[in-house]
Amino acid sequence: MPLIDTYAPGTFCWADLGTPDAAAAKRFYTALFGWTAEDRPMGPDASYTMLTVDGRAVAALYQQEPAAAGTPPQWLSYISVGCVNDSAERARMLGGTVLMEPFDVLDVGRMAMVQDPTGAVVALWEPRRHAGAGLVGEPNAICWNELATTDPRRAGAFYTSLLDWSAEARPMGTVEYVIFSGAGESRGGMMTIKPEWGPVPPSWLVYFAVSDCEGQVALAQSLGGAVRLPPTEAEGVGVYSVLVDPQGGVFSVIQPPAWRGAGD
(Lines give C-alpha, C1' and ligand atoms only; values in the text may rest on other atoms or scores of the structure.)
Protein backbone atom coordinates (compact mmCIF):
# COMPACT_ATOMS: atom_id res chain seq x y z
CA MET A 1 0.00 0.00 0.00
CA PRO A 2 1.72 3.26 -1.17
CA LEU A 3 1.72 5.32 2.01
CA ILE A 4 3.01 8.84 1.42
CA ASP A 5 4.54 11.23 3.96
CA THR A 6 6.34 13.67 1.65
CA TYR A 7 6.00 14.89 -1.94
CA ALA A 8 8.77 16.11 -4.21
CA PRO A 9 8.23 19.61 -5.64
CA GLY A 10 6.24 19.42 -8.86
CA THR A 11 4.15 16.46 -7.70
CA PHE A 12 0.36 16.46 -7.37
CA CYS A 13 -0.24 16.01 -3.66
CA TRP A 14 -3.86 16.74 -2.75
CA ALA A 15 -7.37 17.47 -4.02
CA ASP A 16 -10.42 18.97 -2.40
CA LEU A 17 -13.99 19.63 -3.48
CA GLY A 18 -15.76 22.95 -3.04
CA THR A 19 -19.49 22.26 -3.18
CA PRO A 20 -22.76 24.12 -2.48
CA ASP A 21 -24.06 21.20 -0.37
CA ALA A 22 -21.27 19.69 1.70
CA ALA A 23 -23.61 17.43 3.69
CA ALA A 24 -25.05 15.85 0.53
CA ALA A 25 -21.60 15.55 -1.06
CA LYS A 26 -20.32 13.84 2.07
CA ARG A 27 -23.12 11.27 1.88
CA PHE A 28 -22.44 10.62 -1.80
CA TYR A 29 -18.67 10.20 -1.62
CA THR A 30 -18.53 8.20 1.59
CA ALA A 31 -21.08 5.77 0.13
CA LEU A 32 -19.30 5.64 -3.23
CA PHE A 33 -15.73 5.16 -2.02
CA GLY A 34 -16.19 3.86 1.50
CA TRP A 35 -14.42 6.92 2.87
CA THR A 36 -14.60 7.99 6.50
CA ALA A 37 -15.44 11.68 6.95
CA GLU A 38 -14.06 13.86 9.73
CA ASP A 39 -15.18 17.48 10.06
CA ARG A 40 -12.49 19.89 11.22
CA PRO A 41 -13.29 23.48 12.26
CA MET A 42 -12.32 26.08 9.67
CA GLY A 43 -13.47 29.37 11.13
CA PRO A 44 -16.92 30.42 12.42
CA ASP A 45 -19.71 28.12 11.20
CA ALA A 46 -17.40 26.40 8.72
CA SER A 47 -15.57 23.10 8.57
CA TYR A 48 -13.16 21.23 6.32
CA THR A 49 -14.11 17.58 5.93
CA MET A 50 -11.14 15.23 5.72
CA LEU A 51 -11.90 12.03 3.80
CA THR A 52 -9.85 9.01 4.84
CA VAL A 53 -9.13 5.37 3.99
CA ASP A 54 -7.81 3.25 6.87
CA GLY A 55 -6.97 6.41 8.78
CA ARG A 56 -5.03 7.96 5.90
CA ALA A 57 -6.32 11.21 4.38
CA VAL A 58 -7.04 10.87 0.65
CA ALA A 59 -9.01 14.06 -0.13
CA ALA A 60 -11.32 16.65 1.43
CA LEU A 61 -14.45 18.68 0.79
CA TYR A 62 -15.96 21.88 2.10
CA GLN A 63 -19.04 24.06 1.81
CA GLN A 64 -18.68 26.87 -0.70
CA GLU A 65 -19.21 30.32 0.78
CA PRO A 66 -22.51 32.10 0.03
CA ALA A 67 -20.59 34.61 -2.08
CA ALA A 68 -19.75 31.73 -4.42
CA ALA A 69 -23.43 30.99 -5.09
CA GLY A 70 -23.79 29.90 -8.69
CA THR A 71 -20.18 28.75 -8.94
CA PRO A 72 -20.09 25.14 -10.14
CA PRO A 73 -18.70 22.57 -7.68
CA GLN A 74 -15.11 21.74 -8.53
CA TRP A 75 -12.42 19.31 -7.52
CA LEU A 76 -9.25 21.38 -7.10
CA SER A 77 -5.87 19.71 -7.69
CA TYR A 78 -2.87 20.76 -5.58
CA ILE A 79 0.78 20.63 -6.67
CA SER A 80 3.55 20.57 -4.09
CA VAL A 81 6.19 23.31 -4.46
CA GLY A 82 9.28 24.34 -2.53
CA CYS A 83 8.32 28.00 -2.11
CA VAL A 84 4.79 29.05 -2.98
CA ASN A 85 5.68 32.75 -3.06
CA ASP A 86 8.31 32.15 -5.74
CA SER A 87 6.09 29.74 -7.70
CA ALA A 88 3.13 32.13 -7.72
CA GLU A 89 5.32 34.96 -8.97
CA ARG A 90 6.79 32.73 -11.66
CA ALA A 91 3.28 31.68 -12.73
CA ARG A 92 2.44 35.35 -13.20
CA MET A 93 5.62 35.95 -15.23
CA LEU A 94 4.73 32.99 -17.48
CA GLY A 95 1.33 34.47 -18.36
CA GLY A 96 -0.79 32.86 -15.67
CA THR A 97 -3.13 34.65 -13.30
CA VAL A 98 -2.75 34.47 -9.53
CA LEU A 99 -6.37 34.14 -8.39
CA MET A 100 -5.44 33.87 -4.71
CA GLU A 101 -2.16 35.34 -3.50
CA PRO A 102 -0.03 33.10 -1.25
CA PHE A 103 -1.46 32.74 2.26
CA ASP A 104 -0.94 30.55 5.31
CA VAL A 105 -3.44 27.78 5.97
CA LEU A 106 -3.18 27.66 9.74
CA ASP A 107 0.02 25.71 10.50
CA VAL A 108 -0.50 23.00 7.89
CA GLY A 109 0.90 24.76 4.82
CA ARG A 110 0.94 27.79 2.58
CA MET A 111 -0.93 27.97 -0.71
CA ALA A 112 -1.83 30.02 -3.74
CA MET A 113 -4.36 29.47 -6.49
CA VAL A 114 -3.32 30.12 -10.07
CA GLN A 115 -5.01 29.99 -13.46
CA ASP A 116 -2.94 28.90 -16.44
CA PRO A 117 -3.01 30.98 -19.66
CA THR A 118 -5.74 28.73 -21.11
CA GLY A 119 -8.06 29.06 -18.10
CA ALA A 120 -7.50 25.93 -15.97
CA VAL A 121 -7.12 26.46 -12.22
CA VAL A 122 -4.69 24.65 -9.93
CA ALA A 123 -3.44 25.17 -6.38
CA LEU A 124 0.22 25.46 -5.40
CA TRP A 125 1.00 23.95 -2.00
CA GLU A 126 4.03 24.57 0.20
CA PRO A 127 3.75 21.87 2.86
CA ARG A 128 4.31 22.33 6.53
CA ARG A 129 2.41 20.00 8.85
CA HIS A 130 0.30 18.57 6.00
CA ALA A 131 2.23 17.20 3.01
CA GLY A 132 -0.85 15.97 1.17
CA ALA A 133 -2.69 12.69 0.67
CA GLY A 134 -1.37 9.91 2.87
CA LEU A 135 -2.41 7.22 0.40
CA VAL A 136 -2.28 7.23 -3.41
CA GLY A 137 -2.64 4.74 -6.23
CA GLU A 138 -4.74 2.31 -4.22
CA PRO A 139 -8.50 1.63 -4.53
CA ASN A 140 -10.53 4.71 -3.54
CA ALA A 141 -7.51 7.00 -3.56
CA ILE A 142 -6.26 9.55 -6.11
CA CYS A 143 -4.07 8.03 -8.80
CA TRP A 144 -3.87 10.59 -11.66
CA ASN A 145 -4.49 14.22 -12.63
CA GLU A 146 -5.31 15.25 -16.19
CA LEU A 147 -5.57 18.62 -17.87
CA ALA A 148 -8.18 19.20 -20.57
CA THR A 149 -7.33 22.38 -22.45
CA THR A 150 -8.15 24.29 -25.62
CA ASP A 151 -4.49 25.13 -26.27
CA PRO A 152 -2.11 22.30 -25.34
CA ARG A 153 0.96 24.05 -26.72
CA ARG A 154 0.43 27.13 -24.58
CA ALA A 155 -0.59 25.14 -21.50
CA GLY A 156 2.35 22.77 -21.93
CA ALA A 157 4.82 25.64 -22.13
CA PHE A 158 3.37 27.13 -18.95
CA TYR A 159 3.52 24.00 -16.79
CA THR A 160 6.88 22.75 -18.03
CA SER A 161 8.45 26.14 -17.28
CA LEU A 162 6.67 26.58 -13.95
CA LEU A 163 7.29 23.12 -12.52
CA ASP A 164 10.39 21.92 -14.38
CA TRP A 165 8.35 19.22 -16.09
CA SER A 166 9.02 17.67 -19.47
CA ALA A 167 6.19 16.87 -21.90
CA GLU A 168 5.94 13.88 -24.22
CA ALA A 169 3.12 13.44 -26.73
CA ARG A 170 1.88 9.87 -27.21
CA PRO A 171 -0.85 8.49 -29.47
CA MET A 172 -3.87 7.19 -27.59
CA GLY A 173 -6.44 5.81 -29.98
CA THR A 174 -7.35 8.62 -32.36
CA VAL A 175 -6.07 11.41 -30.12
CA GLU A 176 -2.71 12.68 -28.92
CA TYR A 177 -2.11 12.48 -25.18
CA VAL A 178 0.67 14.36 -23.43
CA ILE A 179 2.44 12.94 -20.39
CA PHE A 180 4.07 15.44 -18.04
CA SER A 181 7.11 14.08 -16.19
CA GLY A 182 9.53 15.35 -13.57
CA ALA A 183 12.58 13.77 -11.96
CA GLY A 184 11.98 10.64 -14.03
CA GLU A 185 8.41 10.18 -12.78
CA SER A 186 5.06 10.75 -14.50
CA ARG A 187 3.31 13.78 -13.00
CA GLY A 188 0.08 14.13 -14.96
CA GLY A 189 -1.53 14.13 -18.37
CA MET A 190 -2.94 16.60 -20.88
CA MET A 191 -5.37 16.33 -23.76
CA THR A 192 -7.11 18.74 -26.11
CA ILE A 193 -10.79 19.54 -25.57
CA LYS A 194 -12.71 18.19 -28.55
CA PRO A 195 -15.40 20.32 -30.27
CA GLU A 196 -17.95 17.54 -29.78
CA TRP A 197 -17.57 17.89 -26.00
CA GLY A 198 -19.42 21.18 -26.19
CA PRO A 199 -18.60 24.24 -24.05
CA VAL A 200 -16.21 22.48 -21.65
CA PRO A 201 -13.90 24.91 -19.81
CA PRO A 202 -10.21 24.03 -19.43
CA SER A 203 -9.70 22.21 -16.13
CA TRP A 204 -7.74 19.59 -14.22
CA LEU A 205 -9.61 16.31 -13.73
CA VAL A 206 -8.96 14.13 -10.68
CA TYR A 207 -8.89 10.34 -11.15
CA PHE A 208 -9.67 7.93 -8.31
CA ALA A 209 -8.49 4.32 -8.60
CA VAL A 210 -11.19 1.65 -8.27
CA SER A 211 -11.14 -2.15 -8.42
CA ASP A 212 -14.31 -2.39 -10.55
CA CYS A 213 -15.05 0.53 -12.88
CA GLU A 214 -18.43 -0.70 -14.11
CA GLY A 215 -19.58 -1.53 -10.60
CA GLN A 216 -18.43 1.87 -9.32
CA VAL A 217 -20.30 3.65 -12.12
CA ALA A 218 -23.49 1.74 -11.34
CA LEU A 219 -23.13 2.60 -7.66
CA ALA A 220 -22.60 6.28 -8.47
CA GLN A 221 -25.80 6.30 -10.53
CA SER A 222 -27.76 4.62 -7.73
CA LEU A 223 -26.55 7.38 -5.39
CA GLY A 224 -27.80 10.15 -7.67
CA GLY A 225 -24.66 10.72 -9.73
CA ALA A 226 -24.56 11.00 -13.51
CA VAL A 227 -22.29 9.55 -16.18
CA ARG A 228 -20.54 11.97 -18.52
CA LEU A 229 -18.43 9.24 -20.15
CA PRO A 230 -19.40 5.58 -19.74
CA PRO A 231 -16.75 2.98 -18.90
CA THR A 232 -14.17 3.11 -21.69
CA GLU A 233 -11.04 1.08 -22.17
CA ALA A 234 -7.74 2.81 -22.87
CA GLU A 235 -5.19 0.27 -24.05
CA GLY A 236 -2.47 -0.29 -21.48
CA VAL A 237 -4.06 2.21 -19.10
CA GLY A 238 -7.28 0.61 -17.89
CA VAL A 239 -11.02 1.12 -17.91
CA TYR A 240 -12.13 4.60 -16.91
CA SER A 241 -15.28 6.68 -16.66
CA VAL A 242 -16.05 10.35 -16.08
CA LEU A 243 -18.76 10.94 -13.48
CA VAL A 244 -20.70 13.88 -12.09
CA ASP A 245 -21.79 14.01 -8.45
CA PRO A 246 -25.36 15.08 -7.57
CA GLN A 247 -24.24 18.70 -7.03
CA GLY A 248 -22.35 18.88 -10.34
CA GLY A 249 -18.74 18.11 -9.35
CA VAL A 250 -16.88 16.24 -12.12
CA PHE A 251 -14.35 13.49 -11.40
CA SER A 252 -13.11 10.27 -12.93
CA VAL A 253 -12.66 6.68 -11.79
CA ILE A 254 -10.22 4.23 -13.35
CA GLN A 255 -9.59 0.51 -13.00
CA PRO A 256 -5.96 -0.30 -13.88
CA PRO A 257 -5.30 -3.39 -16.02
CA ALA A 258 -3.58 -5.17 -13.13
CA TRP A 259 -6.86 -5.06 -11.20
CA ARG A 260 -8.96 -6.41 -14.08
CA GLY A 261 -10.01 -9.53 -12.19
CA ALA A 262 -10.52 -7.83 -8.84
CA GLY A 263 -14.06 -6.64 -9.36
CA ASP A 264 -15.18 -8.83 -12.27
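**Exercise 1. Describe the hairpin formed by β15 and β16 in this predicted model.**

Solution.
Step 1. Strands β15 and β16 form a hairpin with 5 residues between them. In its turn, Gly 248 has a positive phi of about 110 degrees.
Step 2. The pairing of β15 with β16, which spans residues 250-255, is antiparallel and runs over 6 bridges.
Step 3. One facing pair across these strands is Tyr 240 and Ile 254, the latter in β16.

**Exercise 2. Find the strand that pairs with β15 in the hairpin containing Gly 236, and say how covered β15 is.**

Solution.
Step 1. Gly 236 belongs to the hairpin of β14 and β15, where it takes a positive phi near 80 degrees. This hairpin has 3 residues between the strands.
Step 2. The partner strand is therefore β14, residues 226-234; it pairs with β15 in the antiparallel sense over 6 bridges.
Step 3. A bridge can be named here: Glu 233 has Val 239 of β15 as its partner.
Step 4. Strand β15 covers residues 238-244, and 6 of its 7 residues are buried, so the strand is mostly covered.

**Exercise 3. Explain why Cys 143 and Cys 213 do not form a disulfide, and say how accessible each one is.**

Solution.
Step 1. A disulfide is a covalent bond between the sulfur atoms of two cysteines.
Step 2. The cut-off for counting one is a pair of sulfur atoms within 2.5 Å.
Step 3. For Cys 143, the closest cysteine sulfur is that of Cys 213, at 11 Å, which is too far for a bond. Starting from Cys 213, the closest cysteine sulfur is that of Cys 143, again at 11 Å.
Step 4. The structure accordingly holds 0 disulfides.
Step 5. Cys 143 is partly exposed because its relative accessibility is 31%, whereas Cys 213, at 0%, is buried.

**Exercise 4. Decide whether Met 50 is buried or exposed, and list what surrounds it.**

Solution.
Step 1. Met 50 sits in strand β3, residues 47-53.
Step 2. A residue counts as buried under 20% relative accessible area. Met 50 has 6%, so it is buried.
Step 3. Apart from neighbours within four places in sequence, the contacts of Met 50 include Trp 14, Thr 36, Ala 37, Glu 38 and Arg 40. Ala 57, Ala 59, Ala 60 and His 130 are also in contact with Met 50.
Step 4. Take Arg 40 from that list. Its C-alpha is 7.3 Å from that of Met 50, and the two residues are 10 residues apart in sequence.

How values were computed
Residues are numbered from 1 along each chain as its sequence is written. This is a predicted model: local features need pLDDT of at least 70, side-chain atom pairs count only at pLDDT 80 or more; totals for chains, interfaces and linings use all residues. Side-chain values use heavy atoms; hydrogens and water are left out. Helices (H or I, at least four residues) and strands (E, at least two) are DSSP runs, numbered from the N terminus. Buried means under 20% relative accessible area, exposed over 50%, partly exposed in between (1.4 Å probe, protein chains only). Contact means heavy atoms within 4.5 Å. Two strands pair if DSSP finds at least two bridges between them.
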